[in-house]
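Work through the exercises below with the model open. Try each task before reading its solution.

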Amino acid sequence: MKNSMNFAAVLSSALVTSLWCTAPAARAQGCVAAHSPQPVISGLDPTSEYSTRRFENGMWWRGLTITTGYRVYNSFRHYIGTVYQVQRQTQHSAVLNHVNLFEADVNYQFTPRLSFIATVPGMEATRHGESSPLNVYRSGGIGDVTVGVQSWIFRPPTENHGNVAISAQLKLPTGINDARGTKTSSNGTKIVEPFDESIQPGDGTWGFSLATQAYKEFIWRTSGYFTGSWLFSPQDTTGVLTYRSQPGEQVVSATDQYLWRGGFSRPVTGVKLLRGMALSVGGRMEGVPVRDAFGKSDGFRRPGYVISIEPGLTYERGRTMINVSGPWAMERNRKTSVSDYANHAHGDAAFADYTVIAGVTHSF
């Protein structure tokens, strides 16, 4: 029983629940990268014998797991490619985003291998430029809800303490993508226009995502983990106007998003007070591609990626887990978009230095 609990802590850390990026939903993270909660295979511990027995005993409600997540960051460092635009700071012309992302995940396990998953994201954000203190924009609301299924490849519990899961989700156009406010120009003229897409709760288009997660226990109770996800947005643009002057940038682009994570996790041993705690460290890459996998990639987008180191901590008590992680950006790259190529230009984007991610998971 003790070994099962320790490994459960390792697994839960490997599959840490968190916010921003890629189980498509709420949007933001500076101006680039995946905009929503990362894909989560939450729910039953596949190594637990009790998890298997609960189905045999007909306790259907025992298959339900609910996760609430929160993510916060401030983006203000501007990049063109991988070059930091330090003059934006010295000239006080930077654009600042402060974003709070919220998430409710539902996982209902039909069998030890197959489950239904759904995510309801939300966002509250502000955006303003240092050179225009009159214009502080605030938006918020529900993002794009996703629903789908996930399955473990091998029937748990596995003898080698490892497994691979795959999931597929449909993204519904439930999020607000044209929240707007009043902009005051330098001459006092006021106009009402949509906020920047980086603080829009959703993109208002249909899409789908494919994801995988895997873990494997090695030696000294150390486990390796990997997660990968790609959100496909076949629609060309969202139809929301940007009021930008560059050719080809008058409408917001409907973008794909991706996330890759990998690293190692180990439970804390030898300290009775820390029983149930696990520590993890890994790498993380998330972003928006220049061109989508399907369909056209017209309109305005800020393609690019962030590569981060991600330390994390998980604490498990009974059927409840608490997860905290803090990805710290190591490389930021605002890539050249389709419209940039056409206009022989290269736009910039603002990125955050770090993100604070927290989540609470409870299995019934």
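**Exercise 1. Find the bridge partner of glycine 228 in β14, then place β14 among its neighbours.**

Solution. Glycine 228 has tryptophan 260 as its bridge partner in β14. Next, take the strands. β11 (residues 223–232) and β14 (residues 257–267) pair in the antiparallel sense over nine bridges. Strands (E, at least two residues) are DSSP runs, numbered from the N terminus, as are helices (H or I, at least four). Two strands pair if DSSP finds at least two bridges between them. Then turn to strand β15 (residues 277–288): β14 pairs with β15 in the antiparallel sense over ten bridges. Here phenylalanine 264 stands opposite valine 281 in β15.

The model is predicted: local features need pLDDT of at least 70, side-chain atom pairs count only at pLDDT 80 or more, and totals for chains, interfaces and linings use all residues. Residues are numbered from 1 along each chain as its sequence is written, and side-chain values use heavy atoms, with hydrogens and water left out.

**Exercise 2. Which residues form a salt bridge with aspartate 196?**

Solution. Apply the rule: a side-chain nitrogen of Lys or Arg within 4 Å of a carboxyl oxygen of Asp or Glu. Arginine 127 qualifies, with the closest N and O atoms 3.7 Å apart. Arginine 127 lies in strand β4 (residues 114–129) and aspartate 196 in the loop between β9 (190–194) and β10 (207–217), so this pair ties together parts 69 residues apart in sequence. Arginine 244 also qualifies, at 3.6 Å. Arginine 244 sits in the loop between β12 (237–241) and β13 (251–253), 48 residues from aspartate 196.

Now check burial (buried: under 20% relative accessible area; exposed: over 50%; partly exposed: in between; 1.4 Å probe, protein chains only). Arginine 127 is buried at 11%. Aspartate 196 is buried at 14%. Arginine 244 is partly exposed at 30%.

**Exercise 3. Where do aspartate 353 and arginine 332 lie, and are they buried or exposed?**

Solution. Their closest N and O atoms are 2.9 Å apart, and the two form a salt bridge. Aspartate 353 lies in strand β19 and arginine 332 in strand β18, so the pair ties together parts 21 residues apart in sequence. Both residues are buried.

**Exercise 4. Is methionine 330 buried or exposed?**

Solution. Methionine 330 lies in strand β18. Its relative accessibility is 59%, so methionine 330 counts as exposed.
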